[in-house]
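Got the viewer open? Let's walk through this one stop at a time, starting with the whole chain and then picking out helices.

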Amino acid sequence: MQEHYHPSQIEPAAQARWAEKRLFNAANHSDKPKYYCLSMFPYPSGKLHMGHVRNYTITDVRSRFKLLQGFNVMQPMGWDAFGMPAENAAIERKVAPAKWTYENIAYMREQLKSLGFALDWERELATCTPQYYRWEQLFFTKLFEKGIVYKKLGTVNWDPVDNTVLANEQVIDGRGWRSGALVEKREIPMYYFKITDYAEQLLADLDDLDWPEQVKTMQRNWIGKSRGMQVRFQVALESKAGLSGADADYLQVYTTRPDTLMGATYMAVAAEHPLATAAAADNPELQAFIAECKAGSVAEADMATMEKKGLPTGRYVINPLNGDKLEVWIANYVLWGYGDGAVMAVPAHDERDFEFAHKYGLPIKQVIAVGDEVFDSTVWHDWYADKEHGRLVNSGEFDGLNFQAAFDAMGAKLQAQNAGAPKTQYRLRDWGISRQRYWGCPIPIIHCDSCGDVPVPAQDLPVVLPEDVVPDGSGSPLAKMPAFYETACPRCGAAAKRETDTMDTFMESSWYQFRYMSPQFDGGMVEPAAAQYWQQADQYIGGIEHAILHLLYARFYTKLMHEEGMVAVKEPFKSLLTQGMVLQATYYRESEGGKKQWFNPADVEVQTDDKGRPVAAILKADGQPVTIGGVEKMSKSKNNGVDPQDLIEAYGADTARLFMMFASPPEQSLEWSDAGVEGAHRFLRRLWRTVYEYRQQGAAAAFSGSHGELAKPLQDLRRKLHNTIAKVSDDYDRRMQFNTAIAAVMELLNQFDKTDTAGEQGRAVAQEVLEAVLRLLWPIVPHICETLWNTLRSDTALWDAAWPQVDETALVQDEITLMVQVNGKLRGQITVAADAAKDAIEAAALADSSAQKHINGQTPKKIIVVPGRLVNIVV
C-alpha cells in the first residue's frame with residue numbers, strides 16, 4: 001500500500017474496474033428487490049456545472065447505499081437534447097444544432113464518468129434521436145385519434161422581421177431579442193393536449209405522493225381549482241349592434257366572489273372579445289387600443305406587473321341581481337384565452353379593480369363589511385377583500401349574510417332567473433405543444449386539402465428531423481424545405497403538406513423515466529415486462545425550478561400511458577427530493593452606462609475583517625477595486641461558477657463529492673467555500689493515513705467475539721461504531737441527510753484515534769471499525785473507500801460486502817456517566833451502573849467531591865434525577 005493519497009491514480013483505476021465488471025448495469029428481472037433511483041436528466045449545454053455535480057452526487061449516494069443493502073439498483077442517465085438553447089447556440093456559431101449537441105453529449109458523458117457515478121450507461125438515451133422520438137410520435141397519433149390531442153388557434157408572440165414565434169423571455173421591452181422589431185400578438189393554428197380533462201385526477205392524486213409539501217402546494221396552485229359562479233349579464237338593448245348569437249344576448253363571466261355581485265360597477269373584457277370588436281367597428285380610438293393590447297405580452301405572469309390600461313366601449317350590460325347598468329371597458333389585463341375573456345369588476349373588494357377605478361374615476365361601492373372597520377374609498381385596505389369574516393351590506397335582501405350563505409342565496413336566485421349557476425373551475429389551461437422552431441420532435445401530422453389533418457401512419461414513423469440544417473433564426477428551416485414538407489396524403493394519396501411545427505420539449509421529458517426501463521425495445525414506448533418490474537422511479541431528484549411544469553406534465557403523461565395499458569402505475573415518481581442551489585460570491589465593476597462586468601471569484605483577492613467578513617476586494621490582474629456583490633446562484637451570467645473539471649484535477653472526484661454532501665443538507669442551498677473543499681480533501685488524506693498506519697502493523701480479522709469480553713475502552717469504541725452504523729443507516733435511508741452521516745463517521749474516527757487498539761483484540765476491533773467506515777463512506781467517496789478496502793480485505797470486493805449491521809449487544813451499557821449540577825450549575829460527573837436505582841444515584845452524587853465543595857455542608861432541599869443525563873442538587 002502506498003503511503004500517500006493520490007486521487008489521480010486511484011480514481012481512474014476504480015472506474016475501470018466498475019466498467020469491466022458492469023457493476024452498475026441493472027437487470028430487468030431479478031430476485032432482489034428493485035430500486036429505481038433517477039436524477040432529472042441534463043440538457044447538453046457543453047459542460048457540467050456544480051448544480052449538476054450536486055444533483056447527481058445525491059442520487060449516486062442513494063443508489064450506492066441501496067446497492068450495498070442488496071437491491072437491484074437502476075440509476076440511468078440520458079440527455080434532454082432538443083430545445084431552443086441548442087438552436088440559438090447553433091445560430092450564433094453557424095453550425096447544425098445536431099453537431100453541437102452530440103459533441104456536448106460526448107464531452108459531458110466523460111465528465112460524468114470522471115466523477116465516478118454508478119450509472120447504467122447501457123441505458124443511455126438522447127431525446128433528439130429518432131429511436132427515441134419515434135415512440136413519442138406514435139403516442140401523439142393515438143391521442144390525436146382519441147381526441148385528447150386537438151387543434152385550435154393559439155395566441156403567440158410574432159416577430160414580423162424574423163417571421164418566427166418568440167418565447168415570452170425572447171420579448172424584450174416589446175421587441176424581438178434578435179431583430180429588434182416590435183412584436184405582434186398573432187393567432188396561429190396549434191396543437192393542444194386536453195390536460196384540463198385530467199385536472200381533478202392530477203389534483204386528487206397529489207395527496208398520495210411522498211413529495212415535499214411545497215412542491216405539492218405549487219402544483220395545487222397551478223391547477224387552481226376554485227368553486228365560483230358563472231354569471232350572465234344581459235346585454236343592454238342599445239348595446240347589441242354588431243353582435244350576434246349568444247354574444248348579443250349576454251356577457252358571461254366567472255367569479256369566485258359572487259357575494260360581491262351587488263358591488264360591481266363596471267365590466268372589463270379582453271381586446272379580442274366580440275363585444276370589444278363590435279364596439280370598435282366605427283371607433284378609431286378603440287381600434288388603436290385593441291391593436292396596442294394585441295401587441296402586448298401573452299404571458300399571464302406579465303399581467304400582474306404591467307400598467308393597467310383601459311377604454312370604455314360605450315356598451316352596457318345589466319346586473320341580473322339589482323338591474324344596474326354597467327359599462328363595459330376594454331382592459332389590457334384581461335386575457336382572451338383565460339376563462340370567458342371577461343371579468344366582473346368590484347373596485348371596493350378587489351385591489352386591481354380598486355386601482356383601475358381610481359385611475360379612471362369609476363364608482364366604488366362597498367358591499368362587504370368586517371366588524372367595526374370603517375370603509376374608506378380613497379385608500380385600499382386588505383380587509384376589503386376578506387371573505388372569511390365579512391358580512392354583506394348595501395345588498396338588499398342579502399344584507400347580513402356571510403360568504404357561504406350569500407353564495408347559496410345568490411346562486412339560487414341566479415339559477416331561478418336562468419342568469420347563472422355554481423361552477424367549479426380550474427386555472428389550468430390545455431397544454432399547447434406546437435413550437436414554430438426547428439430543433440425539436442416533428443409533429444406527425446399531414447395536412448390534406450380534402451382529408452384535413454391526417455396522422456402519419458405507424459409504419460411511416462418516425463418522421464425524421466433533418467440533422468444537417470444550420471438555422472439562421474428567421475423562421476423554422478423546415479417550413480422552407482420542400483424535401484421535408486412535400487408529401488402525399490396517407491388516406492387519399494393527393495399532394496399534401498407535412499406539419500412543420502415541432503413539439504414542446506416538455507414532451508420528451510414527460511416519459512423518459514419509462515424509456516429507461518427498456519431503451520432498446522423496438523415494439524413501443526416501453527417493454528411491458530420491464531414496465532411491470534420497475535413500475536415507477538422510487539426516488540426522483542432534481543431542482544425546485546421544475547416543481548410545476550415538468551413534474552405536472554410527467555404526471556399527466558403517466559396517466560395517459562396508464563390508460564393505454566403501457567404502465568401499471570398512475571404516477572411516475574414515488575418519492576421526490578428537490579435539492580438546493582449551489583451559491584457563490586459575486587464581484588463586478590459598473591460602467592458609466594450602468595452595465596456590469598462580472599469577475600470570477602478565482603480572479604479576485606478579498607480582504608476580510610477580524611471576524612472573517614469580506615470588506616473589500618481587488619482584481620488580481622490589475623490590483624484595482626471591484627464591488628462585492630451578493631452571494632448568488634452559480635451562473636454564467638454572473639461569472640461566479642466553478643468548473644467541476646478544475647476541481648477534479650486539483651483534488652479528485654471524491655473531494656468534490658464529499659464537499660457537496662457535507663456542506664449542507666440536500667434540500668438546502670449550498671454556499672461554495674474553497675476552505676470547505678480543502679477541508680474535505682484533508683479528511684480524505686487523514687482517512688488514507690489512518691488505514692495506512694493500521695495496515696503497517698499487519699493484517700487482522702474483524703472482531704466477531706463477545707462484546708462483554710473486551711476491555712472498557714474497546715467496548716466504548718465498538719459502542720460508538722454501532723451507534724454510528726445505526727445513525728448513518730437512518731441518515732442515508734429515512735432522513736436523506738448526508739452531511740450528518742459524514743459528521744457521525746468523523747466523530748467515530750476521532751474516537752478511534754484516541755483508543756489504544758494494540759494487542760489481538762484491539763487489532764480485531766480496529767479492523768471491524770475500519771471495514772465499517774469504508775462501507776459507510778463508500779456511497780459518498782467510492783474511489784478511496786474501495787482502494788483502501790482492497791488493502792484490508794483481499795477476499796471480497798467492497799460492493800459484494802453487505803451494508804454493516806448493528807450489533808445490538810454492543811449498544812448495551814453496563815455503566816453510564818451522569819452530569820452533576822448544584823443549583824443548576826455543572827460541578828462534576830459520576831459513573832454509575834446503567835441500572836442503578838434512584839437512591840443509589842443520589843448517594844453517588846452527594847458523595848462526589850466536586851459537588852460536596854459547592855454544597856458546603858448545607859442540607860439539600862431536593863435532588864432531581866434526570867434518567868440517563870444528570871443529577872441536580874438544590875441547596
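**The whole chain**

Of the 875 residues in the chain, 53% are buried. Keep in mind as you look around that this is a predicted model. Zoom out until everything fits on the screen: along the principal axes, the C-alpha atoms fill a box of roughly 105 × 80 × 65 Å. Colour by secondary structure and you'll be looking at 27 helices and 37 strands. If you like contact maps, take contacts between residues at least 6 apart in sequence: 71% of these join residues at least 24 apart.

**Stop one: α21 and α23**

Select residues 712-735 for helix α21 and residues 759-777 for helix α23. How far apart are their axes, and at what angle do the helices pack? The axes sit 11 Å apart and the angle is about 10°. Angles under 35 degrees count as roughly parallel, so that is what α21 is to α23.

Now show side chains. On the α21 side, pick Leu714, Leu717, Arg718, Leu721, His722, Thr724, Ile725, Val728 and Tyr732. They meet Gln761, Gly762, Val765, Glu768, Val769, Ala772, Leu776 and Leu777 of α23. Colour this contact by class and you get eleven nonpolar residues, four polar and two charged.

**Stop two: α20 and α22**

Next, select residues 674-695 (helix α20) and residues 738-754 (helix α22). Here the axes come within 12 Å and cross at roughly 40°. The two helices are therefore oblique to each other. Rotate the view to look through the pair: α20 passes α22 in a left-handed crossing.

Which residues make the contact? From α20, show Phe683, Arg686, Leu687 and Thr690; from α22, add Met746, Leu749, Asn750, Phe752 and Asp753. Sorted by class, the contact of α20 with α22 holds five nonpolar, two polar and two charged residues.

**Last stop: α26**

Finish with helix α26, residues 838-847. Select Ile841, Glu842 and Ala845, which are its buried residues. Turn the helix so that you look down its axis: the buried residues of α26 fall within an arc of 100°, so they line one face of the helix. Swing round to the other side of α26 and you'll find Asp839 and Ala847, both exposed.

What do the buried residues of α26 pack against? Add β34 (815-822), β35 (825-833), α27 (849-855), β36 (862-866) and β37 (870-874) to the selection, and you have the elements they pack against.

Note on methods:
Residues are numbered from 1 along each chain as its sequence is written. This is a predicted model: local features need pLDDT of at least 70, side-chain atom pairs count only at pLDDT 80 or more; totals for chains, interfaces and linings use all residues. Side-chain values use heavy atoms; hydrogens and water are left out. Axes are lines fitted to C-alpha atoms, for helices over the stretch in contact, and angles run from 0 to 180 degrees between N-to-C directions. Helices (H or I, at least four residues) and strands (E, at least two) are DSSP runs, numbered from the N terminus. Angles under 35 degrees count as roughly parallel, over 145 as roughly antiparallel, 65 to 115 as roughly perpendicular and the rest as oblique. A crossing is left-handed if the near helix is turned anticlockwise from the far one by less than a right angle, and right-handed if clockwise. Contact means heavy atoms within 4.5 Å. Ala, Val, Leu, Ile, Met, Phe, Trp, Tyr, Cys and Pro count as nonpolar, Asp, Glu, Lys and Arg as charged, and the others, Gly among them, as polar. Buried means under 20% relative accessible area, exposed over 50%, partly exposed in between (1.4 Å probe, protein chains only). The arc is that of the directions from the helix axis to the C-beta atoms.
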